[in-house]
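User: I am new to this structure and would like to understand how its descriptions are reached. Could we go through them one at a time?

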Amino acid sequence: MRVSVKAAAKINLMLDIIERLPNGYHSLWMVMQSVSLYDTVAIERTGTGKIVLSCSDSRLPADETNLAFKAARAFFEATGIVNDGVAISIEKHIPFAAGLAGGSADAAATLIGLDHAYGAGLRLRALHKIGLTLGADVPFCLQGGTMLAQHIGELLTPVPELPDCFIVLAKPTQGVSTAEAYRLCDSASNLRAPDKRGMLDALLAEDLSGAARLVGNVFEQVIDVPERISIKAAMREYGALGCCMSGSGPTVFGLFELEEQALACAESLRSIVPEVFVCRPVEEGCVITP
Ligand code: ATP
């Protein structure tokens, strides 16, 4: 039996750091949004007693360091279900190390796929608990939609969905280190906080322009990605209602009301950065496909 799960990427419509916690983690305030850019994770029981993994992108590890592999291990450990062997194959479309939670999405899809393949029938809460041992974004990726994510990102509260729109994602080539980004925020003084109440008010009012105008991410104040300036300029030129970096970057997203604006913007951005996608907000993080 083969179970195929679509795993959605996420963007951060808003990201603020509230404080540094005593354990070194950071308390966050984020509005997360699933978008229609998917990896596909296929799970097959093999009867070999082993976990084997393959990935369509050879730049990613296909061994026990892959987050999907770790998710499978964590699933069997947490449930006590005997691993009679699984093959995990990942078809990668979400750019990695991009601020789009691609690895967390694969881990979440693996947990859902294994739950289905073994007929475990775990509750979402139990999957969250296993997911959180793998990464703070995994609980969101299991659930998806539009969520306020607090504490380290695992405390999820549904908020009104972002009104339908077209989202352009552009990933600059420059890599950023998430650890370094947090370090820079810790040592920075006078970081300007995004308008959190305004964002919730705009979502409650189903006001796309209002929400788009307020998108904000404190990491933008400490992480310099030179291409970001030209990407944002192009997005505004093509009519973006708002644009911002996602997570610790470097991907920049722009929100558009009209598809033709988004498509034209994406076309133009392809001459600046190699990885550009047009997608839409979606209501689920992981979807089992027939
Ligand atoms: P976030 O938004 O949660 O910070 P990200 O988009 O910055 O995530 P990921 O795509 O999750 O980052 O990848 C981070 C690192 O994790 C990569 O550099 C990669 O080596 C490693 N990794 C392990 N497994 C995977 C996977 N299945 N997909 C992507 N990256 C993976």
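User: What makes the pair formed by an oxygen atom of the ligand and the side chain of K10 a polar contact?

Analyst: A polar contact is a pair of N or O atoms within 3.5 Å; within protein, one must be able to donate a hydrogen and the other to accept it, and residues adjacent in sequence count only if both atoms are side-chain atoms. An N or O atom in the side chain of K10 lies 3.4 Å from an oxygen atom of the ligand, so the pair falls under the 3.5 Å limit. This is a predicted model, in which local features need pLDDT of at least 70 and side-chain atom pairs count only at pLDDT 80 or more, while totals for chains, interfaces and linings use all residues. Residues are numbered from 1 along each chain as its sequence is written, and side-chain values use heavy atoms, with hydrogens and water left out.

User: Which backbone atoms make polar contacts with the ligand?

Analyst: A backbone N or O atom of L67 is 3.0 Å from a nitrogen atom of the ligand, and a polar backbone atom of A98 is 3.2 Å from an oxygen atom of the ligand. Of the 620 Å² of accessible area that the ligand has on its own, the protein covers 76%, as computed by the Shrake-Rupley method with a 1.4 Å probe.

User: Which residues are closest to the ligand, and what kinds of residue make up the shell?

Analyst: The ligand is surrounded by 16 residues (each with a heavy atom within 4 Å), and the closest are N66, L67, G103, D106 and D137. The shell holds seven nonpolar, five polar and four charged residues, where Asp, Glu, Lys and Arg count as charged, Ala, Val, Leu, Ile, Met, Phe, Trp, Tyr, Cys and Pro as nonpolar, and the others, Gly among them, as polar. Helix 2, residues 102-117, gives the most to this shell, with three residues; helices are DSSP runs of H or I with at least four residues, strands are runs of E with at least two, and both are numbered from the N terminus.

User: Why is the protein chain said to agree with a compact globule?

Analyst: The rule for a globule is 2.2 Å times the number of residues to the power 0.38, with the radius of gyration taken over C-alpha atoms. For 290 residues this gives a value near 19 Å, and the protein chain has 19 Å, which agrees.

User: What is notable about the peptide bond from G249 to P250?

Analyst: That bond is cis, with omega near 0°, whereas most peptide bonds are trans. P250 lies in the loop between strand 9 (242-245) and strand 10 (252-256).
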